[in-house]
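Here's a quick briefing on how this chain packs and where it leaves room inside. Take a look at the model first, then read on.

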Amino acid sequence: MPARPLIDLHAHSTASDGTLGPAELVRAAADAGLDVVAITDHDTTAGWAAAVDALPAGLSLVRGAELSCRWQGAEPALPLHLLAYLFDPEHPELVAELARVRQAREVRGERIVELLRADGIDVSWTQIMAAADGGTVGRPHIAAALIRAGLVATTTEAFGPQWLGQRYRLPKEDTDVFRAVALVRAAGGVPVFAHPRASRRGRIVPDSLIAELAEAGLAGLEADHEDHTPEEAEYVRQLAADLGLLVTGSSDFHGSHKTVRLGAHTTAVEAYERIVAAASGVTGVASG
């Protein structure tokens with residue numbers, strides 16, 4: 001590995017709501033000059049095998065997922081995302097929970113489309129499912145349908161309050177965050193809180209919750225992220241230091257759904273090595 005490796009630990013493929021297939025994703029990561037990339041699709045490991053098979057020489061792959069979670073300590077419950085690295089993809093309890101969340105996403109998506117159609121908006125659930133091509137269905141797939149219909153110009157506009165951000169937004173049946181941390185650890189994985197201070201996304205959890213999660217097995221916090229201001233990123237780094245947690249940085253790449261590029265934010269090699277050392281799920285990191 002180079003003296004200053006480029007490590008991006010948060011990227012999505014068409015296995016969930018990215019626009020590049022898993023094989024395209026790892027090739028794009030190599031083209032971007034990355035040394036390590038993580039595939040972290042929402043609530044699924046469906047892209048792992050194709051990414052490993054297509055892994056270019058010189059690129060290492062961290063297999064992971066981004067888990068859709070909820071904290072019930074606020075009203076309404078607060079949504080949050082947990083990055084899970086190098087866990088056993090066949091751990092029975094985790095497999096069952098991810099399947100439940102994916103099914104809930106699908107039910108929610110179909111209900112959103114029904115609401116849109118009830119208001120005379122011509123979008124097709126069948127076409128949305130076809131476009132997802134077996135990937136975990138989410139609001140970005142509905143946003144893409146709105147763009148195809150000429151109703152909005154961008155994904156950002158589709159996620160505005162008059163569309164999927166508020167008027168046509170429905171809650172998801174996500175995993176309790178403490179259960180998610182426990183399941184990831186039981187599966188030999190390493191859990192990291194994704195973009196924990198991103199106030200532009202909405203409400204954020206209190207520091208006291210992060211401290212409780214650290215006691216329950218949370219390993220790290222994602223600090224450098226497109227949705228964190230420099231001040232928020234620094235706050236996260238200091239909080240991680242106070243709690244003894246590792247710090248990651250990453251692009252949260254989604255292809256053309258977002259403007260951020262692979263490697264826009266990166267993780268220090270020391271944090272990466274801590275993640276690899278702490279994992280006992282999948283065997284090591286796949287290397288091309």
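In this predicted model, L9 is a good place to start: setting aside residues up to four places away in sequence, L9 touches V36, A38, T40, V62, Y85, T248, G249, S250, T267, Y272 and I275. L9 also sits in the largest nonpolar core, a set of 63 residues, where L9, V37, L67, Y85 and L221 touch the most other members. There's a second, separate core too, with 19 residues, L116, V123, I142 and L146 among them.

**The annotated domain**

- An unreviewed UniProt entry puts "domain: Polymerase/histidinol phosphatase N-terminal" on residues 7-71.
- Over residues 7-71 the chain comes out at 25% helix and 37% strand.
- The end C-alpha atoms of residues 7-71 are 29 Å apart.

**The largest pocket**

- The largest pocket holds about 1400 Å³ of space.
- It has 45 lining residues, and H81, R139, F159, R169 and R201 are the closest to its centre.
- Elements giving two or more residues to this lining are β3 (60-71), β4 (78-85), α3 (92-118), α5 (139-148) and α6 (155-158).
- β4 makes the largest contribution to the pocket lining, with four residues.
- By type, the pocket lining splits into 16 nonpolar, 13 polar and 16 charged residues.

**The largest cavity**

- Two cavities of 30 Å³ or more turn up in the structure, and the largest has a volume of about 50 Å³.
- R105, R108, G109, I112, V137, G138, R139, I142 and K172 form its lining.
- α3 and α5 are the elements that give two or more residues to the lining of the largest cavity, and α3 has the largest share, at four.
- Sorted by type, the lining of the largest cavity has three nonpolar, two polar and four charged residues.
- R139 turns up in this lining and is also one of the residues closest to the centre of the largest pocket.
- I142 lines the largest cavity and belongs to the second core.

**The second largest cavity**

- The volume here is about 40 Å³.
- P196, R197, V205, D207, I210, L221, V236 and L239 line the second largest cavity.
- α8 (207-216) and α9 (230-243) each supply at least two of those lining residues.
- The lining of the second largest cavity is made up of six nonpolar, no polar and two charged residues.
- L221 is worth a second look: it lines this cavity and is listed with L9 among the residues that touch the most other members of the largest core.

Notes: Residues are numbered from 1 along each chain as its sequence is written. This is a predicted model: local features need pLDDT of at least 70, side-chain atom pairs count only at pLDDT 80 or more; totals for chains, interfaces and linings use all residues. Side-chain values use heavy atoms; hydrogens and water are left out. UniProt positions are given in the numbering used here, feature names are shortened, and annotations may be inferred rather than shown by experiment. A nonpolar core is a set of buried Ala, Val, Leu, Ile, Met, Phe, Trp, Tyr and Cys residues joined through side-chain atoms within 4.5 Å. Buried means under 20% relative accessible area, exposed over 50%, partly exposed in between (1.4 Å probe, protein chains only). Contact means heavy atoms within 4.5 Å. On a 1 Å grid over the protein atoms alone, a cavity is a set of points where a 1.4 Å probe fits but cannot get out, and a pocket is an open set with protein on both sides within 12 Å along at least five of seven lines; lining residues have an atom within 4 Å of a point. Grid points are joined across faces, edges and corners, and a volume is the space filled by probe spheres set on the points. Ala, Val, Leu, Ile, Met, Phe, Trp, Tyr, Cys and Pro count as nonpolar, Asp, Glu, Lys and Arg as charged, and the others, Gly among them, as polar.
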